[in-house]
Amino acid sequence: MAMGSFLIPISLLVLAASSAVAQLEMGYYRKSCPDVEAIVREEMVKIISAAPSLAGPLLRLHFHDCFVRGCDASVLLDSTKGNLAERDAKPNKSLRGFGSVERVKAKLEAACPGVVSCADVLTLMARDAVVLAKGPSWPVALGRRDGSVSTATEASDELPPSFGDVPLLTRIFASKGLDLKDLVVLSGAHTLGTAHCPSFADRLYNTTGNGLVDPSLDSEYADKLRLKCKSVDDKSMLSEMDPGSYRTFDTSYYRHVAKRRGLFRSDAALLTDATTEEYVRHVATGKFDDAFFRDFSESMIKMGNIGVLTGRDGDIRKKCYVLN
C-alpha cells in the first residue's frame with residue numbers, strides 16, 4: 001500500500017478522475033481565459049512571499065470547501081441575515097486566507113470578467129500554495145462552477161474532526177469517494193500551518209475527565225505544548241502542526257507522528273490502524289519523499305473532483321464571498 005502508487009503516471013490519474021467528472025478538463029479556459037494559471041501563480045507568488053504562513057491556511061480552505069457540498073467554493077460565502085454560512089461554523093472559525101482568494105479573483109475578473117469560477121480559483125491556489133511551500137505540483141482539470149448554498153450546520157456535520165479515530169475518519173472520507181490511503185496521505189497536509197489550543201488542548205489537560213495527559217502523546221512534547229497552552233480554553237496561542245517546518249511542505253510531519261508527536265488526536269490515530277501506521281512509518285524513514293509527493297498529488301486530484309458542479313448546475317460568482 002505504501003509506495004506502489006508511485007509508479008502510476010499522474011496523467012493517467014487525471015484521465016481516470018476526469019471520466020468521473022467528464023465536464024472538467026485540462027485547458028478548460030484555453031480560449032476564454034488562456035492565462036488563468038499564470039495569473040493565479042503570479043499573484044500567489046506575491047502572497048506567499050509576503051506571508052509564507054498563508055500556505056497552510058489556503059490549502060486548508062480547499063479541504064474544508066471540498067468536504068462540504070463538494071468543491072464549489074461554498075466555504076467562501078458570507079453569512080446573511082437569514083443564513084449562517086459554512087465559514088461561520090465552529091470547525092471553520094479559524095480559517096484564514098479569504099482576502100487572498102478575493103485578491104486573486106479580482107485579478108482574474110480584470111483579465112477575464114465573469115469567466116473563472118471561485119471554485120477553480122481556490123483549487124488552483126491550493127495547488128500553488130503547496131508548490132510555493134516547496135511541495136509537489138500536479139495538473140488541475142478545470143471547469144468547476146460555484147455553488148449557491150452554504151450552511152454552518154452542514155459544515156459541522158460533514159468536516160472530519162480533529163479528534164476523529166480511524167473508523168470515523170474512514171467513513172467520512174469514504175462518503176466523499178476517498179479511501180484509507182487518501183486519509184493517511186492527505187493527513188500529510190498537516191506539515192503546513194498552525195492550530196489554536198482548543199483544537200488539541202483536551203489531550204493535555206482532560207483526556208478521560210481526570211485531567212491527565214493523553215497517553216498516546218509523547219510526554220516531553222506534551223510538556224512543551226502545556227507551556228504554550230495554559231488551558232483547554234486558551235484561544236490566544238498557536239502551535240505549529242509540524243514543529244520547526246510548518247512553512248515547508250515535506251515529510252517531517254510523519255516523523256513527528258511516528259514519535260507520538262502528532263498534534264491532533266486524528267494524527268495519533270494513524271498509529272492505531274495497521275495500514276495507516278505502515279504508511280506513516282515508511283514515509284517517516286525519509287527514504288520515500290518523492291513517492292509521498294506523488295501520492296499526495298494523486299489524492300489532491302481525487303479530492304479536487306469531489307461533488308463538483310459543472311455547466312448549468314452552478315454559477316460564476318463575480319466576488320467569491322457573495323452571490324451575484
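Q: UniProt annotations may be inferred rather than shown by experiment, and feature names are shortened. With that in mind, where does UniProt place the feature "binding site"?

A: This is a predicted model. The UniProt record, an unreviewed entry, puts "binding site" at Thr191, Asp242 and Asp250. These positions are spread over 60 residues of sequence, yet they cluster in space. Their largest C-alpha distance is 9.5 Å.

Q: Take one of those residues. Where is the place of aspartate 242?

A: Aspartate 242 sits in a loop. Strand β2 (238–240) lies on one side of that loop in sequence, and helix α11 (252–258) on the other.

Q: Is aspartate 242 buried or exposed?

A: Buried means under 20% relative accessible area. Aspartate 242 has a value of 0%, so it counts as buried.

Q: Which residues does aspartate 242 touch?

A: Leave out residues up to four places away in sequence. Aspartate 242 then touches His190, Thr191, Asp250, Ser252, Tyr253 and His256. Two of the annotated positions, Thr191 and Asp250, appear in that list.

Q: Next, helix packing. How are two packed helices described?

A: Two values do the job: the angle between the axes and the distance between them. Try helix α3 (residues 55–66) and helix α5 (residues 118–132). Their axes come within 8 Å and cross at roughly 140°. Angles over 145 degrees would count as roughly antiparallel. At this angle, therefore, α3 is oblique to α5. The crossing of α3 and α5 is left-handed.

Q: Which residues make the contact of α3 and α5?

A: From α3 come Ala55, Leu58, Leu59, Leu61, His62 and Asp65. From α5 come Leu122, Thr123, Met125, Ala126, Ala129 and Val130. Sorted by type, the contact of α3 with α5 has 9 nonpolar residues, 2 polar and 1 charged.

Q: How do helix α2 and α5 pack?

A: Read the same two values again. Helix α2 (residues 36–50) and α5 pack at about 50°, with axes 10 Å apart. That angle makes α2 oblique to α5. The crossing of α2 and α5 is right-handed.

Q: Which residues of α2 and α5 make the contact?

A: Helix α2 supplies Val36, Glu37, Val40, Arg41, Met44, Val45 and Ile48. Helix α5 supplies Leu124, Met125, Arg127, Asp128, Ala129, Val131 and Leu132. The contact of α2 with α5 holds 10 nonpolar residues, no polar ones and 4 charged. Met125 and Ala129 of α5 are listed in the contact with α3 and also in the one with α2.

Q: Now the backbone. What sign does phi have in most residues other than glycine?

A: Negative. Arginine 69 is not a glycine, but its phi is positive, at about 65°. Alanine 73 is not a glycine either, and its phi is also positive, about 65°.

Q: Where is alanine 73 found, and where is the place of arginine 69?

A: Arginine 69 is in the loop between α3 and α4 (98–111). Alanine 73 is in the loop between α3 and α4 too. Their accessibility is another matter. Arginine 69 has 38% relative accessibility, so it counts as partly exposed. Alanine 73 is buried, because its relative accessible area is 0%.

Q: One last residue. How many residues apart in sequence are proline 113 and isoleucine 316?

A: They are 203 residues apart in sequence. In space, their C-alpha atoms are 9.9 Å apart. Proline 113 lies in the loop between α4 and α5. Exposed means over 50% relative accessible area. Proline 113 has 59%, so it is exposed.

Note on methods. Residues numbered from 1 in each chain as written. Predicted model: local features only at pLDDT ≥ 70, side-chain atom pairs only at ≥ 80, totals over all residues. Heavy atoms only, no water. Axes fitted to C-alpha atoms, helices over the stretch in contact; angles between N-to-C directions. Helix = DSSP H or I, 4+ residues; strand = E, 2+ residues; numbered from the N terminus. Parallel < 35°, antiparallel > 145°, perpendicular 65-115°, else oblique. Left-handed = near helix turned anticlockwise from the far one by under 90°. Contact = heavy atoms within 4.5 Å. Nonpolar A, V, L, I, M, F, W, Y, C, P; charged D, E, K, R; others polar. Buried < 20%, exposed > 50% of the residue type's maximum accessible area, 1.4 Å probe, protein only.
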